[in-house]
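Me: Please show me the sequence and structure, and then we can go through the helices, the ligand shell and the core.

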Amino acid sequence: MSNIVAIVGRPNVGKSTFFNRLIQRREAIVDSVSGVTRDRHYGKSDWNGKEFSLIDTGGYVVGSDDEFETEIDKQVELAIDEADAIIFMVDVDSGITPMDEEVAKLLRKIKKPIFLAVNKVDNSSRQADAVEFYSLGLGEFYTIAGINGSGTGELLDALVEAL
Ligand code: GDP
Ligand code: MG
C-alpha cells in the first residue's frame, strides 16, 4: 500500500470524526486489526483524484497520564514508520496541552510531511484563538471543523499535493 496518511493526536481532539467524514460512502475497509496495530482503524479516501489510505489512531483506554504518554508515543512512532504523511490534530477549544507538546516534540524530529490541523474551529473567534498553535514549532497550520467539513478542503489540497 502506498499513500498512507496517519491521523495522530491525543484523545478527544476529533480524529475519528474527521476520519469518518473522509471515508464516508467508501466500501467498509475500515476494520480493527490484531497485533501491534490493534488500536488503529484503516480506511480509504480520495481527493482531487488521488487515492490514499487513512489510519485513525488511538482507540486505546489507559489508566494514568504516564501510561497514556507511553501509549501515544508508541502510536505516533508506528504512524511515523508506516505513513507517507501525518495529520497531527489538536483542539482549539482546549488549547495546547502537555500531551500535544509531547506529540509535537516527536514530530519535529521527522522528515515526512506533517499537517497540523487545528480542529473545532467552528466560528471566527476560534479562528483567532488558533494562533497559539504556532508555538508547537511545526509552522503553518490548517483550521478546520471536522464536524461540518469547514476548512478541510484546504487541508486535503495540501495533503494530496505532498503524496
Ligand atoms: P478522537 O478521540 O480524537 O477520535 O475524537 P472524536 O472524533 O471522538 O471527537 C471527540 C469529541 O469532539 C466528540 O464529541 C465530537 O463530536 C467532537 N468534535 C469533533 N469534531 C468537532 C468539531 O469540528 N467541532 C466541535 N465543536 N466538536 C467536534
Ligand atoms: Mg477516536
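Reply: Helices (H or I, at least four residues) and strands (E, at least two) are DSSP runs, numbered from the N terminus. This is a predicted model, where local features need pLDDT of at least 70, side-chain atom pairs count only at pLDDT 80 or more, and totals for chains, interfaces and linings use all residues. Residues are numbered from 1 along each chain as its sequence is written, and chains are lettered from A and ligands numbered from 1 in the order in which they are written.

Me: Which element gives the largest share of the shell around ligand 1?
Reply: The shell has 14 residues, and Gly14, Lys15, Ser16, Thr17 and Ile147 come nearest (a residue is near if its C-beta atom, placed from the backbone, lies within 6 Å). By class, four are nonpolar, seven polar and three charged; Ala, Val, Leu, Ile, Met, Phe, Trp, Tyr, Cys and Pro count as nonpolar, Asp, Glu, Lys and Arg as charged, and the others, Gly among them, as polar. The largest share, three residues, comes from helix 1.

Me: Over what arc around the axis do the buried residues of helix 1 spread?
Reply: In helix 1 (residues 15-23), Lys15, Phe18, Phe19, Leu22 and Ile23 are buried, that is, 20 or more other C-beta atoms lie within 10 Å of their own, whereas 12 or fewer make a residue exposed and counts in between partly exposed, with C-beta atoms placed from the backbone. They lie on the same side of helix 1 because the arc, taken from the directions from the helix axis to the C-beta atoms, is only 125°.

Me: Which exposed residues does helix 5 carry on the face turned away from its buried side?
Reply: Thr152, Leu155, Leu156 and Leu159 are buried in helix 5 (residues 152-162). Their arc around the axis is only 95°, which puts them on the same side of helix 5. The face turned away from that side carries Glu154, Asp157 and Glu161.

Me: Is Ala158 buried or partly exposed?
Reply: Ala158 lies in helix 5. It has 14 C-beta neighbours inside 10 Å, so Ala158 counts as partly exposed.

Me: Which strand gives the largest share of the largest nonpolar core?
Reply: A nonpolar core is a set of buried Ala, Val, Leu, Ile, Met, Phe, Trp, Tyr and Cys residues joined through C-beta atoms within 7 Å. The largest has 40 residues, and those with the most contacts inside it are Ile7, Phe88, Leu116, Ala117 and Val118. The largest share of this core, five residues, comes from strand 4.
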